[in-house]
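Grab a viewer and work through these exercises with the structure open. Try each task yourself before reading the solution beneath it.

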Amino acid sequence: MKTPLILMTLLAAAPMAQAQTRAVETSPVVQNPITYQAQTEARLNGGSTQLQAGTGPVIVNWGQPQALSNAADYRVTVADLDADGDGVLTRDEIPESHALYSEFRLVDSNRDGRITPEELANWR
Ligand SMILES: [Ca+2]
Ligand SMILES: [Ca+2]
C-alpha cells in the first residue's frame, strides 16, 4: 500500500512544480523592462540608442549587419592560393590573415591536411 501513496503524492506535486518553473521563466522579462524599452527605441530610431543601465551606459544597435570585412576571402579559389600548383591547398599556402586559415580544419572535411576544390566549394 506504500507505493500508491507515493505515486499519488508525486502526481499531486507535479502541477505545482510546473507552475513554479513557469514563474521563474517569465519573471526576468517582467522585472527587466529596460530590455524591452531598448529594443523598442532602437527599432523606432533604426540605428543605435544609448541607455543608462544599472551598470553604466549601454549602446544598442539595430538594423542590418554590415558586410563582413573579409567577405572576399570566401570567394577564394584553390588556384588563387595554390603556390606550388599541385591543385590542392595546404595550410602553409594560406596566409594567417585569411578566413580560410582559421577554418582550415573545418574545410578539410576528410582531414588529410589538403583542401581540394571540392572541399572548398562546400565551405561557403
Ligand atoms: Ca598546393
Ligand atoms: Ca582534404
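Here are four exercises on this predicted model, each with a worked solution.

**Exercise 1: the overall layout**

Work out how many helices and strands the protein chain has, and in what order they come.

*Solution.* Start with the tally: the protein chain has six helices and four strands. Next, walk along the sequence and write down each element, which gives α-α-β-β-α-β-α-α-β-α. Then look at the contacts: of those between residues at least 6 apart in sequence, 25% join residues at least 24 apart. Finally, check burial: 5% of the 124 residues count as buried.

**Exercise 2: a strand pair**

Find the partner of strand β1 and decide how the two strands run relative to each other.

*Solution.* Begin at β1, residues 48–53; it pairs with β2 in the antiparallel sense, over six bridges. For one concrete bridge, take Ser-48, whose partner in β2 is Asn-61. Now see what links the strands: two residues sit between β1 and β2, and the pair forms a hairpin. Last step, is β2 tucked away or in the open? Strand β2 covers residues 56–61, and the number buried among its six residues is zero, so β2 lies largely in the open.

**Exercise 3: the core and the annotated span**

Pick out the residues of the largest nonpolar core, then list what Leu-89 touches.

*Solution.* The largest nonpolar core has five residues: Leu-89, Ile-94, Leu-100, Ile-115 and Leu-120. That fits a broader trend: in soluble globular proteins, nonpolar side chains tend to be buried together. Now zoom in on Leu-89 and skip residues up to four places away in sequence; its contacts are then Val-78, Leu-81, Asp-82, Ile-94, Arg-114 and Ile-115. To add the record, an unreviewed UniProt entry annotates residues 95–124 as "domain: EF-hand". In the model, that span is 43% helix and 7% strand, and its end C-alpha atoms lie 18 Å apart.

**Exercise 4: two residues to classify**

Decide whether Ser-102 and Arg-111 are buried or exposed.

*Solution.* First, place Ser-102: it belongs to helix α4, residues 99–102. The cut-off for exposed is 12 or fewer other C-beta atoms within 10 Å. Ser-102 has 11, so it is exposed. As a side check, the C-alpha atoms of Ser-102 and Arg-91 are separated by 9.7 Å, with the two residues 11 apart along the chain.

Now Arg-111, in the loop between α5 (104–107) and β4 (114–115). Arg-111 has 7 C-beta neighbours inside 10 Å, so it counts as exposed too. One backbone detail to note: Arg-111 has a positive phi of about 60°, although it is not a glycine.

Technical notes: Residues numbered from 1 in each chain as written. Chains lettered and ligands numbered in written order. Predicted model: local features only at pLDDT ≥ 70, side-chain atom pairs only at ≥ 80, totals over all residues. Core = buried A, V, L, I, M, F, W, Y, C linked by C-beta atoms within 7 Å. Buried ≥ 20, exposed ≤ 12 C-beta atoms within 10 Å, placed from the backbone. Contact = placed C-beta atoms within 7 Å. UniProt positions renumbered as here; feature names shortened; annotations may be inferred. Pairing = 2+ DSSP bridges.
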